[in-house]
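Colleague: I've got a model open and I'm a bit lost. Could you walk me through it?

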Amino acid sequence: MWTKRSLWLVSTAIAFGTMAAQPAYAEGEPAASPENDIVVTGFRASLQGARDVKRNATIIQDSIVADDIAAFPDLNLAEALQRLPGVAINREAGEGRRVSLRGLGPDFTRVQLNGMEVLGNVDSPQDSRGQGTRDRAFDFNIFAAELFNRVDVRKSFSAEQTEGGLAGTVGLYTARPFDYEGTKVAFSASAGTNTLTKDFQPRLTGLVSKNWGDFGILVSAAYSHRQTRETGVDTYRWRLNKANGSDISGLTQEEQDKINSGELRFARGNRLSVWDSTQDRLGVTASAQWNPAETVHLTLDGLYGKYKADRFETHLASRGSGGSTWLGGGQTFAGVTYPNSTINDIEWNDQNEVTYLDVSGAQTATETRIQKTTNTFKQLVLSGDAEIVPGLKATFLGGIERSSYDMPVDDHFYTEVKRPGFSGGSFHLAMQPYRGSRGLHSNCLRPQRAGCAR
């Protein structure tokens, strides 16, 4: 399977507004002398900067400010944002992926990068069908957090904002040369591993910035390599069902009547699963600033990001019929008829959700999935402002971006065990309500094990 989707977006904006009033000082108030100034740096400076941004905003807004390259409080932008009130995230392979504001889903949150509307999606290994379509939500795991030095979350609106974010707007800002004085060179390196993959996971970041009076240039880059493994049990598609031919003669009459009434909910899918993921993320930013006059400021920002994800999934599940992996199962292949499963014991809760099953003769199947995806993002933005006359200021922004998503490999492979005498073992389910998490236990996943039918 080969899939490729691209989006081009061109944006321009011009705004006029009055200058903010300058603070007034009492007559005769002495000016602070340079030698008495107190300069705050480090993490406290970033907190102070975020507080000042929020205080000066005319709308409801929260901000996170990094005092230096690779100095965000978290390694992922979404994870940093979840510290703010009213912000919730979902996770993908252990990383924050999407942001929800004020209780509304990610599709209702608008994301801007250096003032320009932005779109970027990756796929989800939890989605067995892959990322088939693009949506409005933005996946924050495309970019490394080290490339940004400020993130704003605007929960209300002002006149200069364009429409599009019902829940609010998240503004991402990359570093610029005038954010630093003179020459700035920074480098950060870290590494990690985990107990399941036991691999080496590097994370590198670098920044070079140089100012020549009214002109400055900055270049930064970030790279990370990461492997993850997730193991667990998943059940899905719970629905009302009956016996569908399964042998329930060993149950009590009350249990048989309950099953045949069609009031019980059974899981359609029950799988023991392993998800392996390899992620490579590269980001490069470049920025140039020029102040041709004291009242004129020009900025050119460029960003390139590439996120590559290779996934390998394996699942071991039971196979049935009639909308449930535990019920039915009697089928004929190549002239051989295979019997239905046998229900040995059953329990359900007060909501008619089956919370325990002892099944013999359930068919066993495996599912393997290999997927390779690449997301490439490019953006170029030119912005500036100029004071036309005292009290009147004009701002402009224009840019172009492209986001492409490729999935050259998406292969699924299934096998099922269908032969006389293979019982598939006895499966025991211990689960919470059907919309929550489940646990699956089997003592006969291998037919050759002692005590299992062969």
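**Core, sheet and surface**

Modeller: The largest nonpolar core has 31 residues, and Leu-81, Phe-140, Val-170 and Leu-172 have the most contacts inside it. A nonpolar core is a set of buried Ala, Val, Leu, Ile, Met, Phe, Trp, Tyr and Cys residues joined through side-chain atoms within 4.5 Å. Buried means under 20% relative accessible area, exposed over 50%, and partly exposed in between (1.4 Å probe, protein chains only). This is a predicted model, where local features need pLDDT of at least 70, side-chain atom pairs count only at pLDDT 80 or more, and totals for chains, interfaces and linings use all residues. Residues are numbered from 1 along each chain as its sequence is written, and side-chain values use heavy atoms, with hydrogens and water left out.

Colleague: Which element gives the largest share of this core?

Modeller: Helices (H or I, at least four residues) and strands (E, at least two) are DSSP runs, numbered from the N terminus. Those giving two or more residues to this core include β7 (148-154), β8 (168-174) and α2 (77-81). The largest share, four residues, comes from α2.

Colleague: Which residue of β7 does Ile-64 stand opposite?

Modeller: Strands pair if DSSP finds at least two bridges between them. Strand β2 (residues 61-65) and β7 pair in the antiparallel sense over five bridges. Across from Ile-64 in β7 stands Val-151.

Colleague: Is β7 mostly covered, or mostly open? How many of its residues are buried?

Modeller: Besides β2, β7 pairs with β8, antiparallel over six bridges. β7 is mostly covered, and its buried residues number six of seven.

Colleague: Which are the edge strands of the open sheet?

Modeller: Five strands make up this open sheet, in the order β2-β7-β8-β5-β6, with mixed pairing. For instance, β5 and β8 run parallel, joined by five bridges. Pairing on one side only marks the edge strands, β2 and β6 (116-117).

Colleague: What about the surface: which strand gives the largest share of the nonpolar patch?

Modeller: Patches are made of residues with over 30% relative accessible area and no salt bridge (a side-chain nitrogen of Lys or Arg within 4 Å of a carboxyl oxygen of Asp or Glu); like charges are joined within 9 Å, nonpolar side chains (Val, Leu, Ile, Met, Phe, Trp, Tyr) within 5 Å. Here the nonpolar patch, including Phe-187, Trp-212 and Trp-290, has about 930 Å² of accessible area together (Shrake-Rupley method, 1.4 Å probe; for residues, only the protein chains shown count as cover). Its largest share, four residues, comes from β11.
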